[in-house]
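Hi,

Here is the structure I said I would pass on to you. Have a look at it first, and then read my notes underneath.

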Amino acid sequence: MDQKKTNLTVAACLLLLIATLAIYSRVRSNPFTAFDDQTYITRNLHVQAGVTWKTVTWALKSTEQSNWHPLTWLSHALDCQIYGLNPVGHHFTSVFIHTLNVLLLFLLLLWVTGRPGRSLLVSALFALHPLNVESVAWIAERKNVLSTLFFLSALGAYGWYAAKPGVKRYLLVAALFALGLAAKPMVITLPFVLLLLDFWPLQRIQGWGPATSAQQGSKNRKQQTENDSLASRSVLPVLPMSRLLLEKLPLLIFSAGSAIITVIAQRSAALRSLSQIPLDERLENAVYSYALYIWKALWPTQLALYYPHPTSTLSVWQLGLAVLFLLGVSAFVWNQRSARPYLIAGWLWYLGTLVPVIGIVQVGDQALADRYAYVPLIGIFVMIVWGIADWADSRAVNFQLRGAVATVILAALSFLTWRQIGYWRSDYDLWTHTLEITKVNYLAEANLAGTLRKLGRAEEALPHYQAAERLNPGQPARHINLAADLAESGNLQDAIAEYEIAAELNIEPRTQSRIYESIAALSAALADYATVRESYKQAWQADPQHGPEMIQALTEDTTTRPTPGGFYSLGYLLELAGKLPEARDAYAQALKLDPGLAEAKQAMDALDRAPK
């Protein structure tokens, strides 16, 4: 590369760097969200301990959040070690990694295609597109940008390997792939993507390019390629498809292992069964989502954090249009595979890298997610930029007009991205916006209700809790949240009724114990002491280990706010713990505050009559 090209490359990198950091500078004022950020950082004691040997061993074994991603845990732990719980630092790391991905993508495309202008525009679209905001502005989604960093690095290492195959170079590809899998398993499609690169732009597949022998293939490619691509600069070995498939086999073993670990990690919580979401509904949503992601890429104005799964509500015309679109594009790129190989390479990149998250194996209840498009849309960007550039070349469109059009598009995307980042400035803004976009959304209703309740607006939260339960009945958490809001609003009887429904639904002992504890506390406020005793007894039986915690909580509560009901409840819990003298003292305190509390007198008498 001569000095002029080097200077232009450096200038392009600086331009991408400045643009990306400028747009994402808005995240510096955003807090942690109350959606996954707690479990990943703010309430995760392992992560808050920093990078210690104990944290490393925990990260390697942990499948919390229904994923095995030790490298992601360690990146959060390192942030906590450096920044503590200051969200500014955590946001900076995510933005920094995204910026590295942008620069890597540009340098990779430039290296393998020799097209600086096209590579710059693809990378700018990747840097500034609103669909990528979720991956960057959401701290808990660090795994997406981090895994992509190693994914793109592995692609670069593969280009280095393809120029001169050898064990050491191959091991570097494998190591970077393993690191990507340790950050997020979505990158399991890497072997497939490498095969696409063999087709275009590396042209390594024998019989699929302009020549079938390595020497002649190199000669023809140098004659036919007017750019400074890797294929035109190096004599890349041209190999039969069978040999190239065999070459990917060790990486496919990595993919299979990661898939097995992921299914095991997600089986207990996030993975949905066919009885919950049948296969036909999954296939329908997959087809529709493939088309919808592209629509959102072209018109990114209705973006939300959570899109509910449509189940069986997709209409025939929606599915029909999606099928026709996908078939039409597939037929077109196949027809153009020789003249414009980048079209089929970009299309298969898009289709293939979305497979792990398209919903055939359904994890969670979402239909699709903006963050899932982070890597797949690179293929679409390549198709669009290379396709339009070829058209412009054939029409001899001048550079000034091309530059003006690109500038307008990037400016519009930058505005939309800046606006989208703003929705992450608070949980209230985030869930209000999500609800405005998606309308019928039980998760947004529940989270908005929880946010309003934290803001002390319990009455405003109540209809959202009720809507969440109406839209997704039978979920214990919905009843628990609604009960808590009803209690804060003073509707104690209604709150108890909601807790009782949740108790019947829930089979997890700790949560069930807490539900009965809440029923007991509300019953004490209503002076229904028979229910107090029965509920605390059920709470203790559900999870005996929770018993001492209940005693400690009530001890602290009666110290700061002494009430007859509080001391009576404490006395009964102490009875259950076998601490009879302390129980008698608690009942005595209850009688001291309310001499007419017959239940406390009866409890004391029962203790006095008990065998010593």
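Below is what I found, going from the whole chain to two helix pairs and then to a few single residues.

First, keep in mind that this is a predicted model.

**The chain as a whole**

You are looking at a protein chain of 612 residues, and 52% of them are buried. Its secondary structure adds up to 30 helices and two strands. If you draw a box around the C-alpha atoms along the principal axes, that box is roughly 105 × 50 × 45 Å. The accessible surface is about 28,100 Å², and carbon and sulfur atoms contribute 63% of that. I also looked at how far apart in sequence the contacting residues are: among contacts with a separation of 6 or more, 69% join residues 24 or more positions apart.

**Helices α7 and α18**

Try finding α7 (residues 116–128) and α18 (residues 376–394) in the viewer. Their axes come within 9 Å of each other and cross at roughly 140 degrees. An angle over 145 would count as roughly antiparallel, so this pair is classed as oblique. The crossing of α7 and α18 is right-handed.

Which residues make the contact? On the α7 side they are R118, S119, L121, V122, L125 and F126. On the α18 side you will find I378, F381, V382, V385, W386, A389, D390 and D393. Sorted by type, the residues of this contact are 10 nonpolar, one polar and three charged.

**Helices α9 and α11**

The second pair is α9 (residues 142–163) with α11 (residues 190–199). Here the axes come within 11 Å and the crossing angle is roughly 40 degrees. Angles under 35 degrees count as roughly parallel, so α9 is oblique to α11. α9 also passes α11 in a right-handed crossing.

From α9, the residues involved are F151, A154, L155 and Y158, and they meet L190, V193, L194, L197 and D198 of α11. This contact divides into eight nonpolar residues, no polar ones and one charged.

**Three residues to click on**

Start with T93, which sits in helix α6 (residues 87–113). Is T93 buried or exposed? Its relative accessible area is 14%, and the cut-off for buried is under 20%, so T93 counts as buried. Setting aside residues up to four places away in sequence, T93 touches D79, Y83 and R142.

Next is N472, in the loop between α22 (458–471) and α23 (476–488). This loop residue is buried, with a relative accessible area of 17%. Apart from neighbours within four places in sequence, N472 is in contact with Y442 and R478.

Finally, go to G596, which you will find in the loop between α29 (580–593) and α30 (598–609). G596 has a relative accessible area of 61%, and since anything over 50% counts as exposed, G596 is exposed. How far apart are G596 and M241 in space? From C-alpha to C-alpha the distance is 89 Å, and in sequence the two are 355 residues apart.

That's everything from my side. Happy browsing!

Conventions: Residues numbered from 1 in each chain as written. Predicted model: local features only at pLDDT ≥ 70, side-chain atom pairs only at ≥ 80, totals over all residues. Heavy atoms only, no water. Axes fitted to C-alpha atoms, helices over the stretch in contact; angles between N-to-C directions. Helix = DSSP H or I, 4+ residues; strand = E, 2+ residues; numbered from the N terminus. Parallel < 35°, antiparallel > 145°, perpendicular 65-115°, else oblique. Left-handed = near helix turned anticlockwise from the far one by under 90°. Contact = heavy atoms within 4.5 Å. Nonpolar A, V, L, I, M, F, W, Y, C, P; charged D, E, K, R; others polar. Buried < 20%, exposed > 50% of the residue type's maximum accessible area, 1.4 Å probe, protein only. Areas by Shrake-Rupley, 256 points an atom, 1.4 Å probe, with all protein chains shown as cover.
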